[in-house]
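Open the structure in your viewer and keep the selection tool at hand. The tour goes from the whole chain to single residues.

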Amino acid sequence: MTKDEEVLVNRWRLILGRFAEFHLPLAEELRETDEALAFLYDREYTAPQRGLRSDATEEEEEEESSDAENSAAGSTEGGAEKGGTDATPPTDSNRTGGTGASQLTVPIWVARIKRLFPQQTVEVLQRQALEKYNLTKLLTDESVLRQLEPDFNLMKNILTFRDLIPKQVHALAYRIVEQVVRELQKRLESHVRQVFSGRKLPRTNAPYRIFRNFDFERTIRKNLKNYQPEYGTIVPERLYFNRNVRPYNPWHIVLLVDQSGSMLDSVIYTAVMASIFVRMPALSVRLAVFDTSVVDLTDHLDDPVALLMKVQLGGGTDIGQALEYGKGLIVTPPRTIVVLVSDLYEGVNYQRMYSACRDIIEAGSRLFVLAALDYSATPTYDVNAAHHIARLGADVAALTPEKLAEWIGNIIS
């Protein structure tokens, strides 16, 4: 067998898994890789439905993982036998690989894949472990969560499963979300500032960080979480200041965001963009999220992490009610842009939704409907509703965050 043929055989063996061991023996140096892949993908053979784990299976796994940790205490990680589930292994006597239960646990598995695979592959494995195989121990075990690569998909899973995260892990989960959000803010804000820097905007003054402009009440309110009992005082992480002169005749941006589970990417990017817009001269920003009820989160625009932690994903969708709420926020219609971020799958009354859209447009405000605010090439939305609202005079699109900034910049210039 040539070297190239050996590489090809090993790749097929890793793809097919342990059941192909008799016909395609694996090179010894790839045993750890095989065990790491089997720990995740052997769940295909134990799940009652493809990609789903039953509660019983999770409990059994906890017991097996505990036993495995005890039995592996006197041996090295490299001596662990492959498997990863309670699926019946091949019994062919000519097998060269191990057939016992895996000694890998979730923390060991995470450490191993980070050592064996490039970062891009690690992110794929982590994402599939959470989204496809419901391996929520990645989020509920603090020692495991510390090892995961903070990225957009991990943040999405933390937000999705945050009700399952134990109280003692909340602080770590919050820091991960904060890290990813700050990175998004930094990347997007530079583009937004470039867009607005060339616009002729109404004259305004940014807040100067001087005592006269110090916002004492807001600083206390935002830093209550940092109260130190041993000192009997608050140690502020951030100080807040008012504008020394309020913007004259600003443009008003009203963001209405659908918080159904399918809109999570758009919710995240809207929160980040709103936190950037609120710092732009001559813009007044309001933001509300909705399902069958509407929650105004404008007070949290300066802290998108806290805003995202308050979003309740899932539930029904009453878009008409959200638009009615948005109508109540319009003060100067000709200088107001209402941005509805929704897939337009109305769960209550389509006619009410269309009527509210018509009222906003006829009052003189601009209505912009975003079926998606993310980087997806194929957003899913109610096409008929989108066409109907577009005929009423609204702008309907699916945009990236950068394109949204450009669209708003073009209108207000």
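Start with the whole chain, in cartoon. This is a predicted model. Its secondary structure comes to 16 helices and eight strands. Colour by burial next: of the 413 residues, 47% are buried. Now switch on the surface. About 20,800 Å² is accessible, and carbon and sulfur atoms account for 51% of that. For the contacts, take pairs of residues at least 6 apart in sequence: 76% of these contacts join residues at least 24 apart.

**First stop: α2**

Select residues 31-41, which form helix α2. Is this helix mostly covered or mostly open? Mostly covered: nine of its eleven residues are buried. Among the buried ones are the charged residues Arg31, Asp34 and Glu35. Leu37, Phe39 and Leu40 are on the buried list too, as are Thr33, Ala36 and Ala38.

**Second stop: Thr219**

Move to residues 216-222, helix α10, and pick out threonine 219. Its relative accessibility is 4%, so threonine 219 counts as buried. Show its neighbours, leaving out residues up to four places away in sequence. Threonine 219 then touches Phe214, Arg238, Leu239 and Tyr240.

**Third stop: α13 against α14**

Select residues 319-328 for α13 and 350-362 for α14. How far apart are their axes, and at what angle do the helices pack? The axes are 8 Å apart and the angle is about 20°. That is under 35 degrees, so α13 runs roughly parallel to α14. The crossing of these two helices is left-handed.

Now show side chains at the contact. From α13 come Ile319, Gly320, Gln321, Leu323, Glu324 and Lys327. Facing them from α14 are Arg352, Met353, Ala356, Cys357, Asp359 and Ile360. Sorted by class, this contact holds six nonpolar, two polar and four charged residues.

**Fourth stop: α14 against α15**

Keep α14 selected and add residues 383-392, helix α15. Here the helices pack at about 25°, with axes 9 Å apart. That angle makes α14 roughly parallel to α15. The crossing is right-handed, whereas the crossing of α13 and α14 is left-handed.

Which residues meet here? α14 contributes Tyr350, Met353, Tyr354, Cys357, Arg358 and Ile361. α15 contributes Ala385, His388, Ile389 and Leu392. By class, the contact has eight nonpolar residues, one polar and one charged. Look again at Met353 and Cys357: both appear in the contact with α13 and in the contact with α15. As background, an α-helix has 3.6 residues a turn, so residues three or four places apart point the same way.

**Fifth stop: Tyr354**

Zoom in on tyrosine 354, within α14. Tyrosine 354 has a relative accessible area of 9%, under the 20% cut-off, so it is buried. Leaving out residues up to four places away in sequence, tyrosine 354 touches Ala385, His388, Ile389 and Leu392. Then draw a distance from tyrosine 354 to isoleucine 319, C-alpha to C-alpha. The two are 35 residues apart in sequence and 9.6 Å apart in space.

**Last stop: Leu344**

Step back to the loop between β6 (336-341) and α14, and select leucine 344. What is its phi? Phi of leucine 344 is near 70°, a positive value in a residue other than glycine. Is leucine 344 buried or exposed? With 0% relative accessibility, leucine 344 counts as buried.

How values were computed:
Residues numbered from 1 in each chain as written. Predicted model: local features only at pLDDT ≥ 70, side-chain atom pairs only at ≥ 80, totals over all residues. Heavy atoms only, no water. Axes fitted to C-alpha atoms, helices over the stretch in contact; angles between N-to-C directions. Helix = DSSP H or I, 4+ residues; strand = E, 2+ residues; numbered from the N terminus. Parallel < 35°, antiparallel > 145°, perpendicular 65-115°, else oblique. Left-handed = near helix turned anticlockwise from the far one by under 90°. Contact = heavy atoms within 4.5 Å. Buried < 20%, exposed > 50% of the residue type's maximum accessible area, 1.4 Å probe, protein only. Areas by Shrake-Rupley, 256 points an atom, 1.4 Å probe, with all protein chains shown as cover.
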